[in-house]
Amino acid sequence: MGRPRRFDESALLDAAIEQFWSKGFDNTSVEDISAIAGIGNGSIYAAYGNKRGLFLAAFDRYCDRRAAFIRDTVLTAPGSARAAMRTLLHAVIADCAAQPGRRGCLMINGVAALAGRVPEVADTAAKTTAAMEHSVAERLRRTATDHDDATIEALSAHVILVAQGLILSSRHGADVDQLHGIAEISLATLPPAWADRAVQSADTEAALSR
């Protein structure tokens, strides 16, 4: 059993996420994060080995949160399948607009910068993307009883691809109106019937089943 860590690991990883997200892996040092988190370099190196180890721990934490954000948003969205996808894409756009310096998404940024050097980054991102697609598919199946699994999985992958494209477009300077326009064009590709068949949110369904 490893030695217990004598610092607030959650606070450290949150500080690391902010630094790696805003400055990038190559432009961030353990010393930067140590100074911000108020934790000695020695403690960080003892816990994570090196900057790569610290980054991977922070990256995992960020990706878990990102998958949860997608899942919570799409599974609690009321209305039709198309309405739920609109809720999801609008939430992604709002999150983009709230980020300082148009910094995009740490997962997408990390893959672009590090996937060739740090294979764990690509593996974590692939698992996270699959989890996001699974959440979208779960929501679509509530109303898509007349569509096969292959169609639902393809559309789920499409929705997540659009969401990630919106993040990249925001990082490259697209304004909110442009992002909403892109989202609406994408939503139009969903089967027409999915715009009409409503479903209650997961919270409402749970309440009714008690």
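Contact, in these exercises, means that heavy atoms lie within 4.5 Å. The structure is a predicted model, and each exercise below is followed by a worked solution.

**Exercise 1. Describe the overall make-up of the protein, and find what share of its contacts between residues at least 6 apart in sequence join residues at least 24 apart.**

Start with the secondary structure, which comes to 10 helices and 2 strands. Following the sequence from its beginning, these elements appear in the pattern α-α-α-α-β-α-α-α-α-α-β-α. Next, turn to the contacts: among those between residues at least 6 apart in sequence, 74% join residues at least 24 apart. Finally, consider burial and surface. Of the 210 residues in the protein, 42% are buried, while the protein exposes about 10,500 Å², of which carbon and sulfur atoms supply 54%.

**Exercise 2. Determine how many disulfides the model holds, and account for the result with cysteine 63 and cysteine 105.**

The step of reasoning here needs a cut-off, since a disulfide is counted when a pair of cysteine sulfur atoms lies within 2.5 Å. By this rule the count comes to 0 disulfides. For cysteine 63, the nearest cysteine sulfur is that of cysteine 105, at 7.0 Å, and cysteine 63 is in no disulfide. Cysteine 105 is likewise in no disulfide, with the sulfur of cysteine 63 as its nearest cysteine sulfur, 7.0 Å away. As for their surroundings, cysteine 63 counts as buried because its relative accessibility is 1%, and cysteine 105 is buried with a relative accessible area of 2%.

**Exercise 3. Test whether the end-to-end distance of helix α4 agrees with its number of residues, and then place this helix in the largest nonpolar core.**

First, take the length: helix α4 covers residues 51–75, which is 25 residues, and at 1.5 Å a residue it should span 36 Å. The expected span is 1.5 Å times one less than the number of residues. The end C-alpha atoms of α4 are 36 Å apart, so the two values agree.

Second, look at the N-terminal end of α4, which is capped by asparagine 50, with a side-chain oxygen 3.2 Å from the backbone nitrogen of arginine 52.

Third, consider the core. The largest nonpolar core has 59 residues, and those touching the most other members are Phe20, Leu54, Phe55 and Met85. Helix α4 gives this core its largest share, 10 residues. If residues up to four places away in sequence are set aside, leucine 54 touches Leu12, Leu13, Ala16, Phe20, Ile33, Ile44 and Tyr48.

**Exercise 4. Compare the settings of glutamine 164 and histidine 158, stating for each whether it is buried or partly exposed.**

Begin with the location: glutamine 164 lies in helix α8, which runs over residues 149–171, and histidine 158 lies in helix α8 as well. Glutamine 164 has a relative accessible area of 18% and is therefore buried, whereas histidine 158, with 28%, is partly exposed.

Then take the contacts, leaving aside neighbours within four places in sequence. Glutamine 164 is in contact with Met107, Ile108 and Thr129, while histidine 158 touches Ser186 and Thr189. The side chains of histidine 158 and serine 186 are joined by a polar contact of 3.0 Å. Histidine 158 and threonine 189 stand 31 residues apart along the chain, and their C-alpha atoms are separated by 9.7 Å.

**Exercise 5. Identify the buried residues of helix α6 and the elements that cover them.**

In helix α6, residues 106–114, the buried residues are Leu106, Met107, Ile108, Asn109, Gly110 and Leu114. Their cover includes α1 (9–23), α4, α7 (119–141) and α8.

**Exercise 6. Relate the two loop residues arginine 102 and alanine 174 to each other.**

Arginine 102 belongs to the loop between α5 (81–98) and α6, and alanine 174 to the loop between α8 and α9 (176–187). Although arginine 102 is not a glycine, its phi is positive, at about 45°. Most residues other than glycine have a negative phi. With 36% relative accessibility, arginine 102 counts as partly exposed, but alanine 174 is buried, at 14% relative accessible area. The two residues are 72 apart along the chain, and their C-alpha atoms are separated by 9.8 Å. Not counting residues up to four places away in sequence, alanine 174 touches Arg102, Ser169 and Leu179.

Key. Residues numbered from 1 in each chain as written. Predicted model: local features only at pLDDT ≥ 70, side-chain atom pairs only at ≥ 80, totals over all residues. Heavy atoms only, no water. Buried < 20%, exposed > 50% of the residue type's maximum accessible area, 1.4 Å probe, protein only. Helix = DSSP H or I, 4+ residues; strand = E, 2+ residues; numbered from the N terminus. Polar contact = N/O pair within 3.5 Å; in protein donor to acceptor, adjacent residues only side chain to side chain. Core = buried A, V, L, I, M, F, W, Y, C linked by side-chain atoms within 4.5 Å. Areas by Shrake-Rupley, 256 points an atom, 1.4 Å probe, with all protein chains shown as cover.
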